[in-house]
Amino acid sequence: MAAEIDPSTTPSAIRQAGPRTLEIVWGDGHESRYDVRDLRLACGCAVCIDEWTGEGRLDPASVPEDVHPVRLDPVGRYAIQIEWSDGHASGIYPFRRLRELG
């Protein structure tokens, strides 16, 4: 039996809405706008967050003010992976978490 798709956590569009803003339009019509540096700082990968303690390992001062996505790739039907201009590319951003952040 297939899992039911939740429109509130399923994007219908993802686009760059300006040099500093990523926009997601969700299946339920809601629009979320994200400052791209805030998204970079919210990365939940093992490089940025200690897997055992959950403590942040990323020093915000190490992330350039002008950091921006250079590539977005889908990860299954549940997330996107963002390659950043600072060379970081290991973070996966689940749609459910993005909706919460927005």
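This passage describes the nonpolar core and the salt bridges of a predicted model.

The largest nonpolar core holds 17 residues. Within this core, W26, Y34, L39, I80, W84, Y93 and L98 touch the most other members. Four elements each give two or more residues to the core: strands β2 (21-26) and β5 (79-84), and helices α1 (36-41) and α2 (95-101). L98 shows how these parts meet. Leaving aside residues up to four places away in sequence, L98 touches I24, W26, Y34, L39, I80 and Y93. In soluble globular proteins, nonpolar side chains tend to be buried together.

Charged side chains also pair up. The structure contains 6 salt bridges. One of them joins R15 to E23, with the closest N and O atoms 2.7 Å apart. E23 is buried, at a relative accessible area of 6%. R15 is partly exposed, at 39%. R15 and E23 also belong to a network of salt bridges that includes R33.

Two further salt bridges link parts of the chain that lie apart in sequence. D28 pairs with R99, the closest N and O atoms being 3.2 Å apart. D28 sits in the loop between β2 and β3 (31-35) and R99 in helix α2, so this pair ties together parts 71 residues apart in sequence. Both partners are partly exposed: D28 has a relative accessibility of 41%, and R99 has a relative accessible area of 22%.

D86 pairs with R40, and here the closest N and O atoms are 3.0 Å apart. D86 lies in the loop between β5 and β6 (92-94), while R40 lies in helix α1, 46 residues away in sequence. R40 is buried, with a relative accessible area of 5%. D86 is partly exposed, with 28%.

Conventions
Residues numbered from 1 in each chain as written. Predicted model: local features only at pLDDT ≥ 70, side-chain atom pairs only at ≥ 80, totals over all residues. Heavy atoms only, no water. Core = buried A, V, L, I, M, F, W, Y, C linked by side-chain atoms within 4.5 Å. Buried < 20%, exposed > 50% of the residue type's maximum accessible area, 1.4 Å probe, protein only. Contact = heavy atoms within 4.5 Å. Salt bridge = Lys/Arg side-chain N within 4 Å of Asp/Glu carboxyl O.
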